[in-house]
Protein chains: 2
Amino acid sequence: MSDGLVEALHADIRAMAIDFRLKPGERINEVALSKRLDASRTPLREALNRLVAEGFLTFESGKGFFCRKYSVTEVQDLYQLRQAIERFAAERAVELAADAELAELAAFLDRTGDPAGRSLEDLLAFDEHFHETIASFSQNAEIGRTLANVNARIRFFRWIDLGSRRQRTQGEHRAILDAIRARDKGKAVALVDGHIARRRDEIAEAVKECHARLFVEDDFVHPAFKTMDQACA
Amino acid sequence: MSDGLVEALHADIRAMAIDFRLKPGERINEVALSKRLDASRTPLREALNRLVAEGFLTFESGKGFFCRKYSVTEVQDLYQLRQAIERFAAERAVELAADAELAELAAFLDRTGDPAGRSLEDLLAFDEHFHETIASFSQNAEIGRTLANVNARIRFFRWIDLGSRRQRTQGEHRAILDAIRARDKGKAVALVDGHIARRRDEIAEAVKECHARLFVEDDFVHPAFKTMDQACA
DNA sequence: GTATTCAGACCTGTATACAGAATAAGCCGT
DNA sequence: ACGGCTTATTCTGTATACAGGTCTGAATAC
């Protein structure tokens with residue numbers, strides 16, 4: 001019996017939902033997708049059901065599965081949830097992170113800080129790694145799990161957003177880390193807040209741009225998002 | 001074609017996981033459960049997969065589905081995640097909640113405040129309703145969805161915990177609401193923090209008591225948790 | 001030209017069958 | 001009596017079949 005087929009399908013389809021190879025609102029044809037992924041509909045549907053529970057897809061009884069459509073409000077909701085979680089994580093990091101761990105993260109920023117010559121995909125991987133490392137300092141698996149889920153769901157919008165923030169990002173990360181190293185809880189939280197919060201019009205712009213790329217641009221190549229280890233190379 | 005069978009199964013099994021009719025760590029026999037719920041294994045497994053993604057169950061390839069086992073740390077993690085979310089929601093409620101909405105919530109507290117003669121299940125429903133109403137003031141669906149999930153997963157422990165907090169709860173709720181009505185953000189957040197935070201030994205006590213009820217007490221009757229409308233009656 | 005209806009194709013929802021792994025039971029040797 | 005091995009049983013993982021919705025599109029009426 002093949003080991004972990006549902007998990008593999010889940011990972012594949014999740015990636016497709018994240019980079020919108022499955023277009024927002026698009027219906028998923030189970031037979032076609034199962035052929036493409038070389039499995040039958042039974043494990044495929046199990047994976048799809050997981051993705052519904054995780055918020056990547058929607059399901060309508062009798063109609064089937066659809067890639068989730070994101071309104072400006074929904075993207076904003078996710079940014080805010082991220083803000084709520086990271087605020088808490090920053091506070092906990094101030095209390096719990098070891099000096100050595102923080103020094104290592106500082107070295108990481110030194111290593112990856114210069115945005116020159118980096119692809120957006122690399123920069124995004126570095127960015128998420130920074131934030132998820134801080135989240136890991138909270139020593140709370142649920143915080144990490146939830147943050148990873150939220151980050152994945154807004155990854156495409158952040159990828160667009162990052163274009164106009166390349167310069168600011170590094171400095172802000174450095175400032176956040178310095179505040180944590182100085183064990184200054186209030187400052188750390190305030191900096192995280194300022195770093196993550198987006199005005200509604202900024203989000204609206206990203207969503208508009210997203211739609212333009214996906215539905216107007218006719219030869220759009222989907223970004224190849226990377227995990228940290230893939231980006232290091 | 002019956003409409004929404006997977007959703008129905010999901011709701012049923014979710015309820016079983018919440019009140020631990022499925023014991024922590026227990027393996028789920030798919031054939032037996034599918035007979036009991038009068039469906040075949042296919043939709044049953046789809047529902048189980050959703051519950052895995054939501055954190056109620058675990059899955060081991062080749063072994064099957066298991067009800068999730070909660071360590072003290074894991075319960076604490078969930079309490080903290082709840083704290084992170086409710087802090088944020090309280091801030092937003094201060095900014096966004098209409099006076100009329102807040103007055104209505106105050107009336108609710110008046111109506112349900114006296115713990116005398118109420119079952120623990122009713123009090124817990126009232127309690128969650130209060131918190132989820134405040135979360136709804138944040139006008140953020142993801143906040144609401146995530147909070148509902150976290151609350152469900154720690155419901156059993158809160159049910160145990162509530163026994164020793166009957167008296168404090170009402171007053172603390174009242175104070176939180178007053179702070180929001182006074183549009184005092186700092187005070188509201190501080191009060192929410194104090195209301196939700198638990199010391200590790202308090203959580204350890206609840207987990208211990210939970211195990212005692214489930215595995216030692218031989219004729220334990222599982223609580224019949226209620227939604228708000230069921231509790232009103 | 002536009003709206004409507006009906007037929008056909010397509011697709012989903014669920015049950016069931018079957019292969020193979022995991023677990024339990026039985027047996028034997030010590 | 002107890003531990004290890006072998007066998008039998010149980011249960012999971014996946015494919016497939018089929019019943020009934022749902023959607024598409026052509027033909028018809030206006």
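The expected span of a helix is 1.5 Å times one less than its number of residues. Keep that in mind as we explore this predicted model.

**Exercise 1.** Find out how the span of helix α5 (residues 99–112) of chain B compares with the expected value, and which side of α5(B) is buried.

*Solution.*
- Step 1: α5(B) has 14 residues, so at 1.5 Å a residue it should span 20 Å. Its end C-alpha atoms are 20 Å apart, which agrees.
- Step 2: Now look for buried residues in α5(B): they are Leu102(B), Leu105(B), Ala106(B), Phe108(B), Leu109(B) and Thr112(B). Because they cover an arc of only 155 degrees around the axis, they lie on the same side of α5(B).
- Step 3: Those buried residues pack against α6 (120–137), α9 (166–181) and α12 (228–232) of chain B.
- Step 4: Turn to the other side of α5(B), where the exposed residues include Asp99(B), Glu104(B) and Arg111(B).

**Exercise 2.** Describe how helix α4 (residues 72–96) and helix α10 (residues 185–196) of chain A pack.

*Solution.*
- Step 1: The angle between them is about 155 degrees, and their axes are 9 Å apart.
- Step 2: Angles over 145 degrees count as roughly antiparallel, so α4(A) and α10(A) are roughly antiparallel to each other.
- Step 3: α4(A) passes α10(A) in a right-handed crossing.
- Step 4: Among the residues that meet here are Tyr79(A) and Arg82(A) from α4(A), and Lys185(A) and Ala188(A) from α10(A).

**Exercise 3.** Decide whether Glu46(A) is buried or exposed, and list what it touches.

*Solution.*
- Step 1: Locate Glu46(A) in helix α3 (residues 41–53) of chain A.
- Step 2: Its relative accessibility is 4%, so Glu46(A) counts as buried.
- Step 3: Leaving aside residues up to four places away in sequence, Glu46(A) touches Val6(A), Arg45(B) and Asn49(B).

Notes: Residues numbered from 1 in each chain as written. Chains lettered and ligands numbered in written order. Predicted model: local features only at pLDDT ≥ 70, side-chain atom pairs only at ≥ 80, totals over all residues. Heavy atoms only, no water. Helix = DSSP H or I, 4+ residues; strand = E, 2+ residues; numbered from the N terminus. Buried < 20%, exposed > 50% of the residue type's maximum accessible area, 1.4 Å probe, protein only. Arc of directions from axis to C-beta. Contact = heavy atoms within 4.5 Å. Axes fitted to C-alpha atoms, helices over the stretch in contact; angles between N-to-C directions. Parallel < 35°, antiparallel > 145°, perpendicular 65-115°, else oblique. Left-handed = near helix turned anticlockwise from the far one by under 90°.
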